Amino acid sequence: MAIDLAFDREHIWHPYTSLKNPLPVYPVVRAEGCRLFLEDGRSLIDGTSSWWSAVHGYNHPELNAAVNTQLANMSHVMFGGIVHQPAVDLAKLLLSMVPTGLNKVFFADSGSIAVEVALKMALQYWLSKGVSAKSRILSLSKAYHGDTFAAMAVCDPDDGMHTLFRSQLTPHLFAPAPQSRFDGAWQEEEGQKLRQLFERHHQTLAAMIIEPVLQGAGGMRMYHPEYLKVCRALCNEFNVLLICDEIATGFGRTGKLFACDHAAISPDILCLGKALSGGYITLAATLCTDKVADGIAGALMHGPTYMANPLACSVGVASLKLIAQNRWQQQVQCIEQQLNTELAPARLLAQVADVRVLGAVGVVEMTGNVDVALCQRLFVELGVWVRPFGKLLYLMPPFLISSSELTALTQAIVKVCQQPILTTQAPLPGA
Ligand code: PMP
């Protein structure tokens with residue numbers, strides 16, 4: 001039976017869309033490796049890893065086996081008062097991989113919730129110490145940390161996707177978005193400006209939250225690792241906790257296992273998600289140091305129903321075991337080289353403002369917002385799956401993509417960015 005598109009259009013919300021005027025959707029019936037199979041028999045090469053998550057591709061035999069084995073045992077059991085092997089295995093693996101110092105794990109059920117928990121940890125840490133004045137968070141312009149209310153409050157307040165709710169959000173402090181490019185020179189004044197903010201506000205700051213090296217949904221901006229080093233040093237100096245949100249960047253995407261590794265720093269609190277469960281089931285985690293955990297008096301009042309879901313943890317273990325084999329390093333390096341070479345011609349095009357690549361992420365920034373529905377139709381006609389947002393056409397394919405599949409993606413991007421795809425309509429966000 002065909003997927004009921006009319007029903008879908010009438011009744012089901014899709015991410016970041018209006019039900020009154022929804023964007024077209026494409027019915028997918030199967031996915032395998034780097035390909036999505038449409039109901040009409042066509043297949044598309046995936047350039048999105050389903051929003052950073054499916055790093056090992058789709059329908060992966062080892063990930064499938066992990067889910068199936070766990071399914072035969074128990075798909076879910078509450079985590080309150082109960083523990084199970086998949087949770088312990090996943091926590092052990094995670095702690096063996098993450099930057100040094102992180103030693104405690106809270107399993108959350110989505111990236112936004114991992115951010116909520118991180119903020120709660122930081123605020124409770126200072127409350128427990130009796131320093132109630134430290135109640136604000138320092139974030140960055142162009143930041144994106146999720147869609148729930150506390151997470152929205154640390155997203156870019158002016159130019160982000162949640163400005164509609166501004167009056168409902170806790171007012172925090174925002175530093176300008178980092179300007180020194182990842183591939184450019186470090187501008188010393190950036191560090192000095194940040195220092196001034198810390199000097200002025202540290203007594204009210206519980207934590208700084210930052211997407212290390214790559215600001216994702218706020219504009220796919222790749223900034224200089226020195227900025228991150230400065231953040232770590234200032235947080236140490238001024239007694240502010242550092243929260244790194246690696247929900248998008250974690251597990252190899254930027255060419256290092258964690259984006260923090262570009263600056264050789266370790267946060268006090270780390271948020272992970274997306275690739276953690278290989279794109280199979282929603283799962284996220286908030287990790288912290290002993291210092292943070294020891295500083296939190298009493299219970300951490302968070303406990304989602306599906307916390308540490310055994311199916312999700314099992315597939316997480318399988319996903320991390322694949323990561324731990326380290327094939328991603330070579331794969332991401334090849335993808336980076338190929339993206340650099342094959343997206344370069346787009347630089348010469350009149351409608352293109354910038355081309356940038358970091359690890360397995362390739363971005364073409366246009367001079368204006370793009371018509372998403374039109375772009376998606378053009379991409380599907382070219383046999384690829386790419387989901388633009390704002391001014392950006394971008395690729396972040398599964399790590400195991402073949403060189404010829406990646407060429408199909410880059411060629412499609414270069415072709416589409418020559419078409420009349422710019423629009424005056426308001427931009428559509430993406431993750
Ligand atoms: N933080 C970052 C950096 C993200 O990219 C995202 C997801 N796009 C989130 C948080 C929120 O994660 P989720 O969509 O799983 O709630």
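**View 1. Phe251 sits in the loop between strand S10 (241-245) and strand S11 (269-272).** The model shown in each view is predicted. Phe251 has a relative accessible area of 1%, so it counts as buried. Its backbone is worth a look too. Most residues other than glycine have a negative phi. Phe251 is not a glycine, yet its phi is positive, about 70°.

**View 2. Lys142 also has a positive phi, near 75°, and is a residue other than glycine.** Find Lys142 in the loop between strand S5 (136-140) and helix H6 (149-152). Is Lys142 buried, exposed or partly exposed? Its relative accessibility is 25%, so Lys142 counts as partly exposed. The cut-offs explain the label: buried means under 20%, and exposed means over 50%.

**View 3. Asp46 is buried yet has no salt bridge.** Asp46 belongs to strand S3, which spans residues 43-46. How far away is the nearest side chain of opposite charge? That side chain is Arg253, 7.7 Å from Asp46. A salt bridge needs a side-chain nitrogen of Lys or Arg within 4 Å of a carboxyl oxygen of Asp or Glu. Asp46 does have a polar partner: its side chain and that of Thr48 are joined by a polar contact of 2.7 Å. Leave out residues up to four places away in sequence, and Asp46 touches Cys34, Leu36, Tyr58, Trp385, Pro397, Pro398, Ile401 and Leu409.

**View 4. Val332 lies in helix H11, residues 327-343.** Its relative accessibility is 1%, so Val332 counts as buried. Which residues does Val332 touch, not counting those up to four places away in sequence? They are Gly252, Arg253, Gly255, Gly359, Ala360 and Phe399. Arg253 appeared in View 3 as the nearest side chain of opposite charge to Asp46. Now compare sequence with space. Val332 and Ser96 are 236 residues apart in sequence. From C-alpha to C-alpha, Val332 and Ser96 are 21 Å apart in space.

**View 5. Ile3, Leu5, Val25 and Val29 make a nonpolar surface patch.** The patch covers about 290 Å². Pick out Val29 in strand S1, which runs over residues 28-32. Val29 has 52% relative accessibility, so it counts as exposed. Set Val29 beside Val332 of View 4: Val29 is exposed, whereas Val332 is buried.

Methods: Residues numbered from 1 in each chain as written. Predicted model: local features only at pLDDT ≥ 70, side-chain atom pairs only at ≥ 80, totals over all residues. Heavy atoms only, no water. Patch = residues over 30% accessible without salt bridge, like charges linked within 9 Å, V, L, I, M, F, W, Y side chains within 5 Å. Areas by Shrake-Rupley, 256 points an atom, 1.4 Å probe, with all protein chains shown as cover. Helix = DSSP H or I, 4+ residues; strand = E, 2+ residues; numbered from the N terminus. Buried < 20%, exposed > 50% of the residue type's maximum accessible area, 1.4 Å probe, protein only. Lys, Arg positive; Asp, Glu negative; His and termini not counted. Polar contact = N/O pair within 3.5 Å; in protein donor to acceptor, adjacent residues only side chain to side chain. Contact = heavy atoms within 4.5 Å.
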